[in-house]
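Reader: Before accepting the labels attached to this model, I would like to see how each of them is reached. Could we go through them one at a time?

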Amino acid sequence: MATIDKRDTVPIPQPKGLPFVGNVSSIDPELPTKSFMNLAAEYGEIYSLNILGSRKVFINNVALATEVCDEKRFHKDVAGGLKELRNEIQDGLFTAFHKEPNWEIAHRVLVPAFGPLPLHGMFDAMKDIASQLALKWARMGSQYRIPVADDFTRLTLDTLALCAMDYRFNSFYTEDMHPFIDAMTTFLKIGGSRARRPGFMAPFYRAEDAEFFKSIDFMRSIATDLVRERREHPKPENKDLLNAMVNGEDPKTGAMLPEENITSNMITFLIAGHETTSGLLSFLWYYMLKSPEAYRKAREEVDTVLGGRSIEFDDLKKLPWISAMLRETLRLQPTAPAFTVTSNSEYGEIIGGKYFVASGEPIITPLHCLHRDPAVYGEDAEEWKPERMLDENFNKLPAAAWKPFGNGARGCIGRPFAWQEALLVVATCLQFFDYNLDDPSYDLQLKSTLTIKPKDFFVRATLREGWNATKVEHALSGAIGANALTHESLKVATKLAEDEGLPITVLYGSNSGTCEAFAQTLAADAAAHGFRATVNTLDSAARQEPTKDPTVIITASYEGQPTDNAGHYFDWLSYLPKDKKIEDSTHAVFAAGHSDWASTFHKVPTTIDRILAQHGSRRICKMGSADAKKGDMMSEFQTWEDNILWPAMKKQFGGEAEGDNDVPVSLTTLDVEVSSRRASHLRADVSEAKVVAARTLTEPGVPERRHIELQLPSETTYRAGDYLAILPLNPQATVHRVAVRFGLAWDSVLTITSKTGTALPKGPIPAQSLFGAYLELSQPATKRDLALLIATATDADTKASLELLASEDTFASEITEKRTSLLDLLERFSSIPLPLAAFIASLITMRVRQYSISSSPLANPRVASLTYSIIDSPSHSGQGRYIGVASHYLSQLKPGDIVHVAVKPSAGAFHLPIDNENTPIIMVAAGTGLAPFRGFIQERAAQIGGGRTLAPAHLYIGCRHPAKDSLYSEEMTWFEKLGAVVIHHAYSQAPELSNGHKHVNDALRADGELLTELWAKGAKVYTCGSRGIGDGVKEIFMEQYEKGAVKMGKSGDRKSAEEWFERVRGERYATDVFD
């Protein structure tokens, strides 16, 4: 072959590196996949890294992958971490070098062992292990938090061992993992570390290397013993892989595999074969439980194919939807996350028509990037959509678009084995169980060794109607069929009260915690009305026959969609057969929502109420509702609860109150004992982040805006546009007000006991901790709070004043709008002898606050920044100052402080377009509404710095004055010079410096033609800021639509404009509006 003409080639982009080590710091050693995805987002289709003096090339799209998958030009390269594995598995199938003799022999010997007939013969052994898993979950019950990755690892290891070598690890019969797993984990972790460190540093890692080789010796001893046992005690009737290797002859040469190579391949199968499949199943469970529609279709497919009988081999080919789910899971989360090739030619190769790669240089294809190529998978490539992987669609994909099993002759030889096992396990587990996320708010986190798996992922399994552990065991053995199924009533997970009173079920759907707080409030109040409440999420009741006990449903809608913990229930209810009757059921519904989303306001709770009634459930009372726009949802809920729900409940079901009905429930639900002992309680729903920087962004004389940077936990990932939830502490001044009002010493310790259950810490807790960390002290008082104070007040004048505040004419203006808290009222009416316990019982628990992240992971994947306003002004209530809880908390933090946080994904539309090279963007904001757009622009700047050419981006940003509160002005100027954004300013106090525009709406109107041009090119529009800005931007774009419609001879009326806006909202028009 002639030498290559490199005159027309272009350099492959590469980040700046450090002396000696190059780009080592560009890769997160804990999660390399995250780094590869960020680098691909920054540099595009190709980039290179210098790792300790060696260049490695990374390709990220299907066009380039198609070239490197050509085995006439490229072959598998065993390097880096894979090369380290040769210390253990030598020339096994996975780690053999190109054209290594034993690989060719083993491949020819073992390919027949994975053929259709041998796999059919392995079905019963696979089913044996799957049955052990199902029986474990059945016997452990719905209270068992299933460690998904661990249990599937036990399953796949035992399956591989039994099918490949007729050996039982019996992982489901011991609490701890088999020692082989521990040795393998150590081997893979240290192997990866060894691949990343320079050779000269080896003397500093002697202890770690000793562990590495100790693990190797242990695993090889197990494999060697298995081979020796088979030779000494042959099993000629077995059709397993061990017999194939021990007895098989190479059909081409007649040679047999050496003993060492058999041992190496046994370990290869045990490591690679079980790790990848357990990861696939774990990721599938995550995506399936996040997609109620896909989950329902999978259950329906299993029920149609299997009914109540035990699964058989021929059933596997009748599961197209489950196959599609598995394919789509491997697309988004390929458990073997990359493959590497190098050129066959000694002169190297040119790929993409312009990139030269030298001979011997590794070309790495990170599959998380390849499988998200928008040219193949579209703008929704980040979304899990199994329908795109149904056979008809899957068969149309380019050959290089889906490569989770590697490429060509060096692809995974065990793919048919893994696929059969996965289909069998999914069908079996769906046949017997319903599943719910242990934490409905869980968002996917990754852990990485040789493969990737979900981190800290737990689910709960509840036996489906008619099944118990004994019946599952009989069904798996083929002893019973579908006709043996009988109904089992709904099991409610959380019991809050003793066995007193009439039982009711309270189900909630909640993302922000508001509806959950309503549910807990109702449950706490139940005993005072003669009822005993159990509380759970709506999803806990999905696919279950409704209980005969009265059921109260409290839920919200989010842009017309159910909450994270109500999606499965809503999907199940929506697809109930029309003739399904639930006449013994009774229900009441309370709806929460925001009326600005008029077309979907209360859509989900209204639909639930309607469907339940259509199927025969009797309404206990009319549906209650609350509107977040009015700002006093708790009062609206409590009014419905007190005046409508409980009277209807007592009328229909009896119910007898504990004691005097006239005594407010807050006086009866808690007892508090004051002592002098200390204790501490930690919140577990968030992770720890460390403050690394904090500064003020504005000048004196304008409202203060601040910037804070937080170092995230290593496993945490985010995208530009996401939120960071902060669990704050109350201002110390507010906590001190409570202490003064109730006469508590600074070191007082409270011991709380509850008659009805409480979310507050059990056992002694310092008063400072309780009021500082666990309770909302500044929320507006509710009408129930006022009723409590009226009942407790001892003089007529105080009662009269409180009754006036509670009146319909006064409550909204004096309490809700002025945000007058219960504490404010207790200070204003200091003579009221309200017990401390009643005060605590009236408060809701501390909620997280969500802030838009104002940075991009391309700038630093480990650090997220927030941009926020300080809320500190004279209180409208007249009692001191109104201090924003979260903003004050953040403003007090200094570098080194620890904060409790959680990343929360924003709505799918509020992210940068995947095809950002062809999709313009328009961003509109004022003040700290700039936050997510700073992240967007920061990401675009990184991409441009990586050599990418992007579609235009326009930012319309408003503030008071460029010298006072123009946030990040120097940084934004630099971004604009770089070409990452075009900025259109509006200065309300200096319009002469912004083309006469005082507000962003003025600037937008002036640029009507530009907006129309960008929209015609497919632009996406983002708005972040106050309600007024959101409404103004909406109005301007509807005006532009009307003008365009008239020019085209179409109707330009307001109704058509509103219909158009609703169509594009959530797709090309995304809002993040706050007040």
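Author: Contact here means heavy atoms within 4.5 Å. The model is a predicted one, and with that cut-off Lys1034, Glu1035, Phe1037, Met1038, Glu1039, Tyr1041 and Glu1042 of helix H34 meet Arg1054, Ser1056, Ala1057, Glu1058, Trp1060, Phe1061 and Arg1063 of helix H35. By class, the residues of this contact divide into 6 nonpolar, 1 polar and 7 charged.

Reader: How do the axes of H34 and H35 run relative to each other, and what is the hand of their crossing?

Author: The axes of H34 (residues 1027-1047) and H35 (residues 1054-1064) come within 9 Å and cross at roughly 115 degrees, and the crossing is right-handed.

Reader: Why is H30 called oblique to H31?

Author: The axes of H30 (residues 931-945) and H31 (residues 969-978) come within 10 Å and cross at roughly 40 degrees. Angles under 35 degrees count as roughly parallel and those from 65 to 115 as roughly perpendicular, with oblique covering the rest apart from angles over 145, and therefore H30 is oblique to H31. The crossing of this pair is left-handed; Arg934, Ile937, Gln938, Ala941 and Ile944 of H30 make the contact with Glu971, Met972, Trp974, Phe975 and Leu978 of H31, a set that divides into 7 nonpolar, 1 polar and 2 charged.

Reader: What puts the buried residues of H17 on the same side of that helix?

Author: In H17 (residues 469-476), Val472, Ala475 and Leu476 are buried. These residues cover an arc of only 95 degrees around the axis, which means that they lie on the same side of H17. In general, an α-helix has 3.6 residues a turn, so residues three or four places apart point the same way. The buried residues of H17 pack against helix H5 (116-140), helix H16 (415-432) and strand S12 (458-463).

Reader: How do you know whether Phe20 is buried or exposed?

Author: The relative accessibility of Phe20 is 80%, and exposed begins over 50%, so Phe20 counts as exposed. Phe20 is found in the segment before helix H1 (32-43), and its phi is near 75 degrees, a positive value in a residue other than glycine.

Reader: What makes Arg819 partly exposed?

Author: Its relative accessible area is 29%, and partly exposed is what lies between the 20% limit for buried and the 50% limit for exposed, so Arg819 is partly exposed. Arg819 sits in the loop between helix H26 (808-816) and helix H27 (822-828), with a positive phi of about 50 degrees although it is not a glycine.

Notes
Residues are numbered from 1 along each chain as its sequence is written. This is a predicted model: local features need pLDDT of at least 70, side-chain atom pairs count only at pLDDT 80 or more; totals for chains, interfaces and linings use all residues. Side-chain values use heavy atoms; hydrogens and water are left out. Axes are lines fitted to C-alpha atoms, for helices over the stretch in contact, and angles run from 0 to 180 degrees between N-to-C directions. Helices (H or I, at least four residues) and strands (E, at least two) are DSSP runs, numbered from the N terminus. A crossing is left-handed if the near helix is turned anticlockwise from the far one by less than a right angle, and right-handed if clockwise. Ala, Val, Leu, Ile, Met, Phe, Trp, Tyr, Cys and Pro count as nonpolar, Asp, Glu, Lys and Arg as charged, and the others, Gly among them, as polar. Buried means under 20% relative accessible area, exposed over 50%, partly exposed in between (1.4 Å probe, protein chains only). The arc is that of the directions from the helix axis to the C-beta atoms.
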